[in-house]
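Subject: Structure handover

Hello,

Here is the structure you will be taking over. Please open it first; my notes on what was found in it follow below.

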Amino acid sequence: MRLGARERMLLTFTFFSMFFGAGNLIFPPCIGAQAGSRTAVATVGFILSAVGLPVLGVMAVSAAGGFERLANRVSPGFAQGLGVAIMLTIGPCFAIPRTATTSFEMAVVPFAGSSSRGFAQLAYSFVFFAVAFALSRHPERLSKVLGRFMGPLLLAMIAVLFVACVLGFQGETAAPMGDYSDGQLARGFLDGYQTMDLLAALYFGIVISANVRQMGIASDVQVRRETGYAGLGTGVLLVMIYSALSFVGVVSGSLATIDPKSDTGATVLTNLTSAMFGPFGTAFLGVVFVIACLNVCTGLICTCSSYFQSRFPTIVGHHIGYRVWTVAFTVFSFIVSNAGLSAIITVSVPVLSALYPIAIVLVALSLAHNVFSARFPRVYFWTVLFAGVAAGLRCIASLAVVFGFSIPWLDTALSWLPFSQFTLGWVVPALVGLVIGMADSLLRRR
């Protein structure tokens, strides 16, 4: 049995809605505004990691039968540790606070005075998280209402912005600046991590597979095939949208120069809507962002609270229920959100650069499981270990720079790794681990 065109389209849009949130809107415009004349190259790098990796991740998790089973091929302890790290990253440490800061930047900053910005952000984030906490009690009600029109509304706004930019573009592009002054392809690839979609995909894969089975598909081979079709369709949509948003960023950058150290994609979009549509357009876009971010925030609070309730039902002999985890994550996210969008993005880059190589290795080994990895099962442990150590050390060095100091001996050691200039210093260690894993597997057979 195979799905029809209608079912495949429905599955594709379900897949797309799981990935595309308000956060995905702010990074491509920022790339366009900074990369300028080199936007095409930077966008290719961004698409490789922001689209290609998540789609492959869903396929890998689907083939493995779920993230837990995939990560258990390394070790059960590793599976739990990585699961917690991913949940904290796509939850209260980065993604949840980012929903409040992104919507604040879009809806409030354009109309608030700079002198009262600190108080405005504190008040806004308090109300935002209070509403999200209330909605987290019954998130299914929010999804049923917003899911029907928020996706189309966001896509319609992107289409309007893109058409306006095409009609109003004068053909002038700024020179690359900031992080995109050079190495645009590698920088775009690294910024693709910021969507956090690969990490989310490690949990989405099994959900997509379950949806396929509910449509009447029983064969594992056919489930993987239909998941692949949905992933391909989603990938095409994302490529089109990210390309359009990058062009929007180019046009916005030609209208108003941004400060690459402090401004974000939210600033880029606000500059554009203000120039083309005036205060009304800026206000409308802000409302769309608030609703979309609130929806995403509620879903993430529920997801993280449910995960931690199931993994840690008791702590120090005390029962910790869903409501307690919800309160904890809401309060923590409220505190982090007041650091500001730029600060959250700056700190999240090193952390994501540590988690993403591990996820990439797991996905690659899973996709090659039947033809290679299953014959050498120890490659999971050794490849992840070597890639994780290299990526973890890079994370430490990068965090040191973020907080205003450096570790010279570590910077020197990391510079010796091949491809380190492209933020891919973990590749060769991963290949070394692969070889050791193959040898270890052969020795254990004997």
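Of the 446 residues of the protein, 50% count as buried. Please keep in mind that this is a predicted model.

Overall picture

The secondary structure comes to 19 helices and 2 strands. For a compact globule of 446 residues the radius of gyration would be near 22 Å, and the protein has 22 Å, which agrees. Along the principal axes, the C-alpha atoms fill a box of roughly 75 × 50 × 50 Å. Among contacts with a separation of 6 or more, 80% are between residues 24 or more positions apart.

The protein exposes about 19,600 Å², and 68% of that area is supplied by carbon and sulfur atoms. There are 25 positive and 15 negative charges, and the mean positions of the two sets are 13 Å apart.

Helix H6

Helix H6 covers residues 95-107. At 1.5 Å a residue, its 13 residues should span 18 Å, and its end C-alpha atoms are 18 Å apart, so the expected and the computed spans agree. H6 is mostly covered, with 12 of its 13 residues buried. Among the buried ones are Arg98 and Glu105, along with Ile96, Pro97, Phe104 and Met106. The cover over the buried residues of H6 includes helix H2 (23-35), H5, helix H7 (117-135), H13, helix H14 (322-337) and H15.

Helix H13

Helix H13 runs over residues 265-311 and includes Gly278. Three of the positions I looked at are in this helix: Gly278, Thr270 and Cys302.

Thr270 is the one to look at together with H6. Its C-alpha atom is 6.6 Å from that of Met106, although the two residues are 164 apart in sequence. Leaving aside neighbours within four places in sequence, Thr270 is in contact with Glu105, Met106, Pro110 and Thr282. Is Thr270 buried or exposed? Its relative accessibility is 10%, so Thr270 counts as buried.

Gly278 has 17% relative accessibility; the cut-off for buried is under 20%, so Gly278 counts as buried. Between Gly278 and Glu172 there are 22 Å in space, C-alpha to C-alpha, and the two are 106 residues apart in sequence.

Cys302 also counts as buried, at 10% relative accessibility. Cys302 and Ser181 are 121 residues apart in sequence, and their C-alpha atoms are 40 Å apart.

Helix H17 and Pro357

Helix H17 has 24 residues, 379-402. Counting 1.5 Å a residue gives an expected span of 34 Å; the end C-alpha atoms are 34 Å apart, so the two agree. The buried residues of H17 include Val379, Tyr380, Thr383, Val384, Ala387, Gly388 and Ala391. An α-helix has 3.6 residues a turn, so residues three or four places apart point the same way. Which helices do the buried residues of H17 pack against? They pack against helix H4 (67-71), helix H5 (76-93), helix H15 (341-367), helix H16 (369-373), helix H18 (408-415) and helix H19 (427-445). After H17 comes Gly404, whose phi is positive, near 90°.

Pro357 has its place in helix H15. Pro357 is buried, with a relative accessible area of 0%. Apart from neighbours within four places in sequence, Pro357 is in contact with Leu352, Ala391 and Trp426. Of these, Ala391 is one of the buried residues of H17. Pro357 and Ala430 are 73 residues apart in sequence, with their C-alpha atoms 9.0 Å apart.

Two loop residues with positive phi

Met196 is a residue other than glycine with a positive phi, near 60°. Met196 lies in the loop between helix H10 (184-191) and helix H11 (197-214). Met196 is buried, with a relative accessible area of 3%.

Phe419 is a residue other than glycine with a positive phi, near 70°. This residue is found in the loop between H18 and H19. How exposed is Phe419, and what is its relative accessible area? Phe419 is partly exposed, at 41%.

That is what I have for the handover.

Regards

Terms used: Residues are numbered from 1 along each chain as its sequence is written. This is a predicted model: local features need pLDDT of at least 70, side-chain atom pairs count only at pLDDT 80 or more; totals for chains, interfaces and linings use all residues. Side-chain values use heavy atoms; hydrogens and water are left out. Helices (H or I, at least four residues) and strands (E, at least two) are DSSP runs, numbered from the N terminus. The expected span of a helix is 1.5 Å times one less than its number of residues. Buried means under 20% relative accessible area, exposed over 50%, partly exposed in between (1.4 Å probe, protein chains only). Contact means heavy atoms within 4.5 Å. The radius of gyration is taken over C-alpha atoms; the globule rule is 2.2 Å times the number of residues to the power 0.38. Accessible areas come from the Shrake-Rupley method with a 1.4 Å probe; for residues, only the protein chains shown count as cover. Lys and Arg count as positive and Asp and Glu as negative; His and the chain ends are not counted. The place of a charge is taken as NZ of Lys, CZ of Arg, CG of Asp or CD of Glu.
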